[in-house]
Amino acid sequence: MTAFASLATDLSIGLRNLLRQRGRTLFAVGALSFGVTALLLAGGFIEWMFFGMREWTIHSQLSHIQAMRPGYLQGGTAEPFAYLLPRDAKQMAEIADLPETRVVGPRLSFNGLVSRDDVTLSFIGVGARPEQENELARTLEVTEGEGLSSSEPRGIVLGRGLAANLGAGVGDTVVLMAKTGAGSLNAVECRVRGLFATVSKAYDDAVLRVPLDTAEDLLRVAGAHTWMILLQQTSQTDRVLRELRARYADAPLQFVPWSELADLYNKTVALFSRQVAVLQLIVAVIIVLSVSNTMARSVIERTGEIGTAMALGLRRRRVMRLFVLEGALLGLVGGGVGLVLGTVVATAVSAVGIPMPPPPGSAQPMRGEIMLTPALARDALLLAVGAAILASAYPAWKASRLPIVDALRHNR
């Protein structure tokens, strides 16, 4: 008998044994499917949170890829004007022409003081081209007024927290003061066009956005610190990043993906990933206990059969394989039922929506969903099958080590 035929025979025997003990099999399959369903629902909700947070981070602050001078991330805070890029370089136009690119826009980062009446506060400024910034930061929520516009070069938008601390509203006049590239102080008078809010209160308390021309006039420089590259799809990031690094290997440009800059997102993913790992451990324990109990009782009830089979020449390792295959079949069936049940429940819940409170700075409540991915389904099924095999290992070993004479006497 070939190895394939032997395996097929053992699978057939294992399936018949499971069908023979329908009660215990249904109990084990129920425990497996419950665990897989719970894992899919919890993991799918967290996956939806990751997706929403990732896309918000990309489309409101970081874009998919940023181009900058080498060393800017390390030394840009101390010497910001030593790392300026030309605002209309040939490379930026070439990047904009790539089929994967949606938009490329320059950004100039700076800091200074903003004053209104007797109140003066420090701020972090972002200078950008309004027509491109509206696409780069399209998920940024303007809570009052309007966003940046090229028709009003001196029109700016303030973070909601910064505006509250400053006592400024839409239409008010404020004065921006900053240190120029030459080291002197300069000031410009601007009008508040709008207020914006993000999920980060610390960000809203410190940031304002201005047209790039105004930022250059204030700082008396020409150029930008970064080119923000927004792609058609987030999944294209790694491939485009490799292409850009290879294409401009000899140019004084450094390309940094959003994932290396999104510190809050990375920490959030790490935190929730640990929670999912704990849930997986709990599900694995449930599966191991239920399947091991089923298999142990099966070994006890079939001790006489095991002794007869070994007396007829069945090898001990094949006896062990028979029971392990039974466990694997339990895991496969239970995991498959759990995948189907979890998909149905996730679809129904997503259609109805999960009521969630509005994020900071927003008055609109959110509607949560359960986002199932192929990787999540694969991991849940592998966990079910792996835990079932692990649970059947000891009962299978115990069955294969039974003395033949004692096993034959068991049912007498």
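**Entry 1: A348**

I looked up A348 and found it partly exposed, because its relative accessible area is 42%. For this notebook, buried means under 20% relative accessible area, exposed means over 50%, and partly exposed is in between, with a 1.4 Å probe and protein chains only. A348 lies in helix α12. I take helices (H or I, at least four residues) and strands (E, at least two) as DSSP runs, numbered from the N terminus. Between the C-alpha atoms of A348 and E369 I found 9.7 Å, with their positions 21 residues apart along the chain.

**Entry 2: what I am working with**

This is a predicted model, in which local features need pLDDT of at least 70 and side-chain atom pairs count only at pLDDT 80 or more, while totals for chains, interfaces and linings use all residues. Residues are numbered from 1 along each chain as its sequence is written, and side-chain values use heavy atoms, with hydrogens and water left out.

I noted 14 helices and 12 strands in the protein. Of its 412 residues, 46% count as buried. I then turned to contacts, where contact means heavy atoms within 4.5 Å. Among the contacts with a separation of 6 or more, 78% join residues 24 or more positions apart.

**Entry 3: helix α2 and helix α12**

Two packed helices are described by the angle between their axes and the distance between the axes. I looked up both for α2 (residues 22-62) and α12 (residues 316-352): the axes come within 7 Å and cross at roughly 45 degrees. Axes are lines fitted to C-alpha atoms, for helices over the stretch in contact, and angles run from 0 to 180 degrees between N-to-C directions.

How do α2 and α12 lie to each other? They are oblique. Angles under 35 degrees count as roughly parallel, over 145 as roughly antiparallel, 65 to 115 as roughly perpendicular, and the rest as oblique. The crossing of α2 past α12 is right-handed. A crossing is right-handed if the near helix is turned clockwise from the far one by less than a right angle, and left-handed if anticlockwise.

I listed residues on both sides of this contact. Those from α2 include T25, V29, L32, V36 and L40, and those from α12 include L330, G334, G338, L341 and V345. The residues of the contact divide into 13 nonpolar, eight polar and no charged. Here Ala, Val, Leu, Ile, Met, Phe, Trp, Tyr, Cys and Pro count as nonpolar, Asp, Glu, Lys and Arg as charged, and the others, Gly among them, as polar.

**Entry 4: along α2 and past its end**

I checked the length of α2. Its 41 residues should span 60 Å at 1.5 Å a residue, and the end C-alpha atoms are 56 Å apart, which agrees. The expected span is 1.5 Å times one less than the number of residues.

A42 lies in this helix and is partly exposed, at 28% relative accessible area. A42 and V276 are 234 residues apart in sequence, yet I found 7.8 Å between their C-alpha atoms.

Just after α2 comes S63, with a positive phi of about 60 degrees. S63 is in the loop between α2 and β1 (65-68). Is S63 buried or exposed? S63 counts as buried, because its relative accessibility is 2%.

**Entry 5: D117**

I found another positive phi at D117, near 55 degrees, in a residue other than glycine. D117 lies in the loop between β2 and β3. D117 is exposed, with a relative accessible area of 66%.

**Entry 6: helix α8 and F110**

Helix α8 (residues 212-219) is mostly covered, with six of its eight residues buried. I wrote these down as L212, T214, A215, E216, L218 and L219. Which strands cover them? The cover includes β2 (101-116), β3 (119-128), β6 (173-179), β7 (185-197) and β8 (207-211). Just after α8, R220 takes a positive phi of about 55 degrees.

I followed one residue of β2, F110. F110 is buried, with a relative accessible area of 7%. Not counting residues up to four places away in sequence, F110 touches A215, L218 and L219, among others. The C-alpha atoms of F110 and A215 are 8.2 Å apart, with the residues 105 apart along the chain.

**Entry 7: G159**

My last look was at G159, in strand β5 (residues 155-159). G159 is buried, at 0% relative accessible area. Leaving aside neighbours within four places in sequence, G159 is in contact with F196, D204 and V207. G159 and L195 are 36 residues apart in sequence and 5.7 Å apart, C-alpha to C-alpha.
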